[in-house]
Structure formats: C-alpha cells, structure tokens
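Biologist: I am new to this structure and would like a close look at a single part of it. Could you choose one helix, and take me carefully through its surroundings and then outwards from there?

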Protein chains: 2
Amino acid sequence: MKTSSEMTDCAPAIPLLEFLTQARAIVDSELDRLLPAESLSPNNLHAAIRWSVFAGGKRFRPALLLAAGKTFGAPRESLLASACALEMIHTYSLVHDDLPAMDNDDLRRGRPTCHVRFGEATAILAGDALLTLAFKTIAGDEKLSATKRVVLLAEIARAAGTPGGMVAGQAHDLEAESRNIAPEELEKIHRLKTGALIIAAARAGAIIAEVSNTALNAVTEYAGQLGLLFQITDDLLDVTATAETIGKTPGKDARASKATYPALHGIEATREHLASTHAAACAALSRIDRPTELLRSIADFILEREA
Amino acid sequence: MKTSSEMTDCAPAIPLLEFLTQARAIVDSELDRLLPAESLSPNNLHAAIRWSVFAGGKRFRPALLLAAGKTFGAPRESLLASACALEMIHTYSLVHDDLPAMDNDDLRRGRPTCHVRFGEATAILAGDALLTLAFKTIAGDEKLSATKRVVLLAEIARAAGTPGGMVAGQAHDLEAESRNIAPEELEKIHRLKTGALIIAAARAGAIIAEVSNTALNAVTEYAGQLGLLFQITDDLLDVTATAETIGKTPGKDARASKATYPALHGIEATREHLASTHAAACAALSRIDRPTELLRSIADFILEREA
C-alpha cells in the first residue's frame, strides 16, 4: 500500500479530502502538545485558549502551509511548528474580532465565543497569549535553522501586523463600517485582513522548502488569489447559507451594513468574480516547474465550499 | 571631555540620571523610526499606537536592557532594537490592561488612555499591533546574528506569555481580584505580571553581550529582585502619592480591593520588605566579576522613586 506522500507525488488526481483530514489531525495533535495544559495555572486562561483553538476549525492556513511545503519537497516535520503558529495567530484574531467592542459575535462554529464563555478580560488575554505563543513556537523550532526561523518570523509578523497585514485590515474594516466604500477599497481590506496571512502560510511552506525566487513569486500570486477567493466565498455564504451550515448567524454582515462583495456587486457578479479569481490562482500555479495538483485542488475546494 | 561611556566605565559614582535621559532619548528616536507613521493608512490605528507609546513613559525596561548590555560591554547599536521591542510589549500590555473589561482606567500618565481617546476596538488592535511589531523588530534586527535573535525572541516571548510570563500574571491578577489571597500568591502574581519582562530585559542585554552562565544567573537574580522592588514601590505609591505626582488616580487599586503589598502587610512592613529586596538585588550584583555600579544605581533609583 502506498503512503499518502507517494500517492500525492504520483497520482494525477489528488485525494484532497484525505490530505486535509490528515493535515488537520497532525496539526491538532501538535497544537495540543504546544498549548499549555488546562491543568496548569492560570487554568481559566488556558481553558479559554483551548476552547478557542479546539473549536472545530478547518485548519485552512496550516493545511495550505503543509501543502505548499509538500509541493516543493519539504519534510513534514519541518513544517509543523510554523503551521501551528499560523493557526494560533488566526485563532487569536477570531477571539479579538468577536469581542463586544469589535464584531460582538456570540456564536462561532456553533459554540459560544470565547468572551461569552470565559468573560471579556480572559478573552482579551487568551488572544494576547496565543499571539505571543505563535512567535515563541517558531523561535524555538529546532527543526529549522536560526536563519530560516528569523525569515519566517519576520514574514509572519509582517502579515499579521500593520501597515501591511491583518491588524491593518481589521482597522480599515472598522473604519469602513460607518460609510460607503469603493470596490477597490473593499479588495484592499480583504487583502490585508484575510489575504496577508493566507499568503504568509503558502510562502512559509515554500520558504521552508528553500524554493527559487521565481517559484516563491508564483506561490505568492497563487495565494493572493486564493485569499480573495476565500473571502468572497465567505461573504457569499453569509448571504446564501443557513445558520446550521455555517455555524454562525447568517446575514450578520449585511445587517451591520458591512461592506461585502455581494452587497456591493450583487450575487451574480460575485459568482463571476469568483470564477476569474480561481482562474488567476491556477494561472499562477502553471508557472511552477513541479506538480501542483495539491495546491490546485485547494483552489477548487474553496471555490466550491459550502461552509 | 570624557564621553558618557568612558565615565560609566571608570567613575565609581554613575551619573544615572544622565544615563536614563540619554537612554530615553535614543530609545524614543528609534521607536519613532520603527513605528508606522501616522500619515500611513490606517491612520487612526497608527495614531493610537503612537499616542500610547509616546505618552511620557520612563522607558525603564529599555534602559535596564541597555544598562545590562553596557555593563557587559555590548555595543549600544546591538541593543537598541531589542530595547524598543520590550517597550512595545510593555505599552501593549498597558493598553490592554486599561480596557474597560480589564482595569477600566481612563487616565494614564495624566492623559486619556488609548481606548478613551480612540475607542475600544482601536485600542485592542493597537495593542495587538504593538505586540506583533515587537517580534518583527527583533526578527529583523540585522545587528544581531540569527542565532542570537531566536534566543532573544524565545526568551522575550516566554516572559510575555503564559504560563511563565506577563499574560499569565494578568490572568492570575484578574482571578485574585474577587477573593483574599495569600502573600506568596501575591508575590507570584507580581513575579509574572511585572517581574518576568523586567528579568527578560536584563537578561536580553546580557545575552546580547554573550556573558557566561554564572553572570547570566546573577543578572537574572538581580533583575528578579528589581522587578519585585518595582512592583512594591508601585503599590506603595498608589497608597501614598497624589494624583498629580503619579499621573493616575491614586488609591484605585485599594478601592478595587486589589491584592497589594500595603493592603496585605501594612505600610511599615512594606517598607522593610523593600529594603531587604534592594539588599538582595545588590548581593546578586556582587557575584558579577565586572563593575556593576550602573545596575546598582538603578536599584537605588527604584527604591527611592516618587513616581
């Protein structure tokens, strides 16, 4: 029987669901190892961290990092710590984003959000702790050379911060809630808020695999389109899905008169935009001198996702 | 005329105020260079970051890092980025600590706190951005080898996070607000909440200077006592000082029935504890095989501070 790695390298049709399931399992197991135990004091803080991290997330960013690394031949062990760090950063951003002063969300993935369950102060600290632990995890990753670790840390910190990263995107988004915004501005918000970390995930995998600049540029372009695809499908699901499917209150963005693709362009134009974004992601992959079915199938998967 | 550096190396009486003034000036100038400009979008976020960082802080942690590095002969340029990173982390912790869900402070250093001036959501994001930028700053510090950068990053992340650092201390503190706590527990909260980052500051300076393990242990012990000294004088000032002197509402901790040294032990016993803590800090310095007047004078300064 072939191992999963052999199948991915040889078979033209990638068993993506198997890859995602496996990625999720190894990332979850490593996160469990990296996060402080609930039995450790301060217990409430650690319980809040674990409540938020193990809330049934799809581990999309870690999977993308693992897929990019695998595409370019990096050993899985060398990718795992960075993959977990990205998930910690993603989770911290959700915990802070859900706070009453921000999006004020009570429900995420069908469960009470961190501040509803543990109180606002603990939720703020849980987010802070996760962000800190993400950087500690990469800094202490002995599978990678110190040089590679500082390159990854700088890359991920840039993508998570301001002016070119996620926090900047959230600040733009806040500011845009109270007024009409142009389509280009919306795309900029998406690029910063969601895209930057998705790009960092794909690039991190490629950097760990020590790819050429040409390949790194192609991966960056691919992941940029992927991030856009991800955000637009998210907005679309918010309009079209039911609470049961997406695990949160649908239509919430529209009610808060948040700028979204469907709100600005209508559902039909949004679907067309999705198709062209997907095509651009695939075009970028065609510039990579290796089999890229795994990355391609991730783009397909996001295009077709229903939750 | 001697340079400040020559004076420090030779003179038995260190001109501490001159050192602190100079440290503050170079740290402020470097922070100004490192932080995103207010003219850069998202402007409101960057204004909030700068409002919080340039709020008249004493730059105690950066000064301690610079002093430890100088004591062991590290060039000042090699210390500056790490010093600024520590101040960013300290500032983020104040911004989040002041939030309504945490200490709910309207005033800090005589000015409106970040969330009062810019709103809660922006204050949360400003703290997140500062924490992220702190790690980015060290990761990208080309004055240091990659190996040294990852050692510092791991050290500082440990001291800032949980279970052994600042965020853990804040979580303990939250939890202790609602009940009576034992003196040992209070000391543990102080050690985590304030001590860990102060220890990291002194150790970072020593690590950059590549000191021996013996010296690093002595610095760690010194800084641990210094952190305690810092916290106890802080608690004492809260009881004895006026709003004008300390720039915040005095007596606030007592009203919130927060566990403090004076509240648990009374003012007289607190003063005795201060003296013995100061003596322990000096005893640790005596184990260092170099002139340590600068570090000694910092301990004196904290013991005698009035604000």
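Modeller: Two residues are taken to be in contact if their C-beta atoms, placed from the backbone, lie within 7 Å, and that is the sense in which packing is meant below. The model is a predicted one, and the part I have chosen is helix 8 of chain A, which covers residues 146-160. Its 15 residues, at 1.5 Å a residue, should span 21 Å, and because the end C-alpha atoms are 21 Å apart, the expected span and the modelled one agree.

The buried residues of helix 8 of chain A are K148(A), R149(A), V150(A), L152(A), L153(A), I156(A), A157(A), A159(A) and A160(A). Within chain A these residues pack against helix 5 (76-97), helix 7 (120-139), helix 9 (166-176) and helix 10 (183-208), and from chain B they meet helix 7 and helix 8. As general background, an α-helix has 3.6 residues a turn, so residues three or four places apart point the same way.

One of the buried residues, L153(A), deserves a separate look. Leaving aside residues up to four places away in sequence, L153(A) touches F135(A), I138(A) and A139(A) in chain A, and F135(B), A139(B) and L153(B) in chain B. L153(A) also belongs to the largest nonpolar core, a set of 192 residues in which L153(A), A202(A), L153(B) and A202(B) have the most contacts. In soluble globular proteins, nonpolar side chains tend to be buried together.

From helix 8 the view widens to the place where the chains meet. The contact between them takes 43 residues from chain A and 44 residues from chain B. On the side of chain B that touches chain A, helix 3 (43-53), helix 7 (120-139), helix 8 (146-160) and helix 9 (166-176) of chain B each supply at least two residues, and the largest share, 13 residues, comes from helix 7 of chain B. Sorted by class, this side of chain B has 26 nonpolar, 12 polar and 6 charged residues. Because 98% of the interface residues of chain B are also interface residues in chain A, the copies meet through the same surface.

The arrangement of the copies can be described as well. A turn of 180° with a shift of 0.0 Å along the axis lays chain B on chain A with an RMSD of 0.0 Å, and the two copies are therefore related as by a two-fold rotation axis. In chain B, the C-alpha nearest that axis belongs to A146(B), and it lies 2.7 Å from the axis.

Beyond helix 8 of chain A comes the loop between helix 8 and helix 9, where P163(A) has its place. A cis peptide bond joins T162(A) and P163(A), with omega about 10°. In chain B, the peptide bond from T162(B) to P163(B) is likewise cis, with omega near 10°, and P163(B) is placed in the loop between helix 8 and helix 9 of chain B.

As for the chain that holds the chosen helix, the secondary structure of chain A comes to 16 helices and 2 strands. Of its 307 residues, 51% count as buried. Among contacts in chain A with a separation of 6 or more, 69% are between residues 24 or more positions apart.

Technical notes:
Residues numbered from 1 in each chain as written. Chains lettered and ligands numbered in written order. Predicted model: local features only at pLDDT ≥ 70, side-chain atom pairs only at ≥ 80, totals over all residues. Core = buried A, V, L, I, M, F, W, Y, C linked by C-beta atoms within 7 Å. Buried ≥ 20, exposed ≤ 12 C-beta atoms within 10 Å, placed from the backbone. Helix = DSSP H or I, 4+ residues; strand = E, 2+ residues; numbered from the N terminus. Nonpolar A, V, L, I, M, F, W, Y, C, P; charged D, E, K, R; others polar. Least-squares fit on C-alpha atoms with pLDDT ≥ 70 in both. Expected span 1.5 Å × (residues − 1).
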